[in-house]
Amino acid sequence: MLSFKMDLIWVCPLVFLYLGVFSFGSSNNLSSRPAVVNIGALFTYDSTIGKVAKIAIQEAIKDVNSNFSILHGTELVAKFQNTNCSGFLGMVEALQFMETDIVAIIGPQSSVVAHIVSHIANELQVPLLSFAATDPTLSALQFPYFIRTTQSDLYQMTAVAQIVDHYGWREVIAIFVDDDYGRNGISALDDKLAERRCKISYKLAIPPGPATNRSDIMDLLIKVALLESRVIVLHVNPDSGFMVLAVARYLKMVGDGFVWIATDWLSSVLDSAFPLPSDIMDTLQGILVLRLHTPDSDRKRAFFSKWNKLTGGSLGLHTYGLHAYDSVWLLAHAIDAFFNQGGVISFSNDSRIKGGSLHLDAMSIFDDGPLLLKNILQSNLVGLTGPIKFDSERALALPAYDVINVVGTGFRRIGYWCNYSGLSTVPPEILYSKPPNRSSANQQLYSVIWPGETLLKPRGWVFPNNGIQLRIGVPIRVSYREFVTPVQGTDTFKGFCIDVFNAAVNLLPYAVPYKFIPFGDGHKNPDYTELVTSITTGVFDAAIGDIAIVTNRTKMVDFTQPYAASGLVVVAPFKKMNSGAWAFLRPFTAHMWIVTAASFLVIGIVVWILEHRINDEFRGPPKKQLITILWFSLSTLFFAHRENTVSTLGRVVLLIWLFVVLIINSSYTASLTSILTVQQLSSPIKGIESLKNSGEPIGYQVGSFAEHYLSEELGISKSRLIPLGSPLAYAQALQLGPKKGGVAAVVDERPYIELFLSTQCKFRIVGHEFTKGGWGFAFPRDSPLAVDISTAILQLSENGDLQRIHDKWLVQTTCSFESTEIESDQLQLRSFWGLFLICGIACFIALLVYFLQIANKLHRADPPQSVSTSPGVSQSGRVRRFLSLIDKKADQSSSGSKKRKVIRSLSDNDKDGKLGWTPKKKQAEMTDMGDIKSSS
């Protein structure tokens, strides 16, 4: 009992001491916090965003002050100022804020005001938390104290560009308010469209403020109605936006064929002022709208319920209101962290500011502003809009937008866009848990009801209704007028190419106003590359004719689907060949004859080696054996060889060789038959390679790309290239030949050459077509008309009209049917090298196995080496024994069956009688190991 009392006496003072120290430390931390922290709020009270933002900020301050765990008893007090979207008023009100103990400002709402006020905030170290200034040029590098608590328009314009690309449109018209918000947003859109090979074809700026009236808008939209594009992006303020749409409806520009894409200004109105009057909703039918995406949550739903009770349903809550609410909570958490880190709210005068009648010296610098800024940027919390966290560029992470389609009396969400995976029908929160997938197949949206109440996707462009016709350049050809030629006394053209173009245009679902403009002087064929270049310089809107699709031209313009196959060929003079006394040598080339003859000799030697030891027919005096080798090898050509093969290896080699002989014999017979019975044509030029290596002059058509190809691609000197202007010039140059000032051959595109050969029977195409290509119509880059014309050309090809047009203009005479290409009629070694390779491998393997067998016998019969025997003598003796073993007849006892076959072959009296040869009867000698040893 006494011990317990003593312990209690010691413990109680320690407990009181601990509680006292803790209480002192806690009270010291709380006592350093002021009772009130002042913040400012800058926005336009009566704007669509400002009406909602004011209530949201007030409710956020109430919720923060009622939550003791945030500021621990410090009250957050907001001072509101109405900027009225005026940069001047915003600057004045910001200066007034700086005369008080304001530690941060919620706002400004306007990007114009944000640019001005941010300069003041930078100097006085007061953070700006803007929930609605979306101008992408408000950079953290230039304005370090500007913090955007919403998404930059850079991401919104990325979403717009991806929607445009998703539907296959290439040009848009941008209508925007002419201030920092509008100009810089459209500039970002221009950049994002360019990344996808799209562009803004026309920019229409609307003056900001109330200065714009209906007549001004109408004048501007009349210009838009005369343009080609029908995809319009509307990036304005609500007042000017509804005026534009009303005038557009009056001009029937919100109907079938048009596409309107509105940025989030319209979604803010739909969310806050819904339902809108019926006349406004009728104007909005079919419009695509973007809205900042906020993930669904219980906290968000509870706040919406609370909002409806506060406003009585008279004012809806849009996403900018949610961001304004979260901005207050973000600032409250940052202020709490600021105090926890020992931050003190204190201000000091700026010595650079001198006093005067404006009393600017009353403004003071927030001493610990950098610390508060740091805590704001390091915040990581979850608000009504989802996770609030800044990346390295001080932008909110994971930007996302809803894609909305206005339909009937309301609107529906057709998908989402997020910077993580692009367009999708799945909420971004689900995609974040998966690997990013930006493939085109993964970009999806639900079906859209477009203006005019149609589900059919608008084409996105029409020919401008301004009375201006397409200027189509057409070459004036001097030769080959069947393809294109002017009609005398008119401004029209006719020919194969013209008929194809007219037929394709007639298949289009819309009218194409155009006029043909001649290109060239009429004295020589024009340069087609210059014709194509004229499109890029704006001289022509398109070019048609026999224009070859080649690489350097495709870099400048877009071509349609080829409507005629084309490629370079070589045409040369020829002569008819007679059979002659030596015609039997023509089926094979010299290399083929040499290799074939050598193969016969090699096969004879290989079979002799394999049969010499065991077959008496391959034994005897050297002269006899040499004759046997030659006779056996040559007689296999007619399968008349008398000598039997006994060894297995010999039979395998012979079997393979007979198969090779069969193929060679059949090919020779077929080729010789053709030479003797079919008229043969011959030309010294065999194709482009022989022409290139000949060093002789080459003709080409004036204006053709053949000159560039021959000189740049094949490396042929330009001094060898002779320009020729007509089929008559072709014929004359080819008849003269290179020795009389002509050319050895002409290189041109196949359609021209086919027409040329239809009347010139003295020339033929030699070799193969060495380039593959086609003719197409040229249009400017990314021209939608090129795609539609290509589709029409495919339809012409499928329904047979293209072939009928070809037959109408390019009917060939009887001579053209004989214009078969001259090819080499000799059989090349490359056609048979596989057979020779197989036979050679078989011979090599057979000899290898045979010599290994001989070496094995030699090794087993090799006597023990004497100590006194020198290595040199031993080696030479082994070689002699090896050669002797090869030459000796094999042991009959070990190959009885083989010996019997040899005896039967020797007793073939019928064969011997026919040949007049009686073989000597020999006593079979036994070659055993003892004989081998004695020979050494």
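Helices here are DSSP runs of H or I with at least four residues, and strands are runs of E with at least two. On that basis the protein chain of this predicted model has 32 helices and 33 strands.

**Whole chain**

Start with the whole chain shown as a cartoon. The chain has 936 residues, and 48% of them count as buried. Switch to a surface: the accessible area is about 45,300 Å², with 58% of it belonging to carbon and sulfur atoms. Among contacts with a separation of 6 or more, 73% join residues 24 or more positions apart.

**Stop 1: H235**

Select residues 231–235, which make up strand 8, and pick out H235 in this strand. Is H235 buried or exposed? H235 has a relative accessible area of 0%, so it is buried. Now add Y181: its backbone oxygen lies 3.3 Å from the side chain of H235. To see what else surrounds H235, display the residues that it touches, leaving aside those up to four places away in sequence. Among them are D153, M157, I175, F176 and V177, along with G182, G185 and I186, and also T263 and W265.

**Stop 2: aromatic pairs**

The chain contains 40 aromatic pairs. Select W461 and F463 for one of them: the ring centres are 5.4 Å apart and the planes meet at 70 degrees, so the pair is edge-to-face. The angle decides the class because planes over 60 degrees apart count as edge-to-face. W461 counts as buried at 8% relative accessibility, and F463 is buried too, with a relative accessible area of 14%.

Go next to F600 and W657, an edge-to-face pair with 4.9 Å from centre to centre and 90 degrees between the planes. Which helices hold these two residues? F600 is in helix 19, residues 590–611, and W657 is in helix 21, residues 648–677. The pair therefore ties together parts that are 57 residues apart in sequence. Colour the two residues by accessibility: F600 has 9% and counts as buried, while W657 has 1% and also counts as buried.

**Stop 3: charges over rings**

Select K54 and Y45. The charged end of K54 sits over the ring of Y45, at 4.5 Å from the ring centre. Finish with R214 and Y250. What is the distance from R214 to the ring centre of Y250? R214 lies over the face of Y250, and that distance is 5.9 Å.

Definitions and conventions: Residues are numbered from 1 along each chain as its sequence is written. This is a predicted model: local features need pLDDT of at least 70, side-chain atom pairs count only at pLDDT 80 or more; totals for chains, interfaces and linings use all residues. Side-chain values use heavy atoms; hydrogens and water are left out. Buried means under 20% relative accessible area, exposed over 50%, partly exposed in between (1.4 Å probe, protein chains only). Contact means heavy atoms within 4.5 Å. Accessible areas come from the Shrake-Rupley method with a 1.4 Å probe; for residues, only the protein chains shown count as cover. A polar contact is a pair of N or O atoms within 3.5 Å; within protein, one must be able to donate a hydrogen and the other to accept it, and residues adjacent in sequence count only if both atoms are side-chain atoms. Rings of Phe, Tyr and Trp (its six-membered ring) pair if their centres lie within 6.5 Å; planes under 30 degrees apart count as stacked, over 60 as edge-to-face and the rest as tilted. A charge sits over a ring if NZ of Lys or CZ of Arg is within 6 Å of the ring centre and within 35 degrees of the ring normal.
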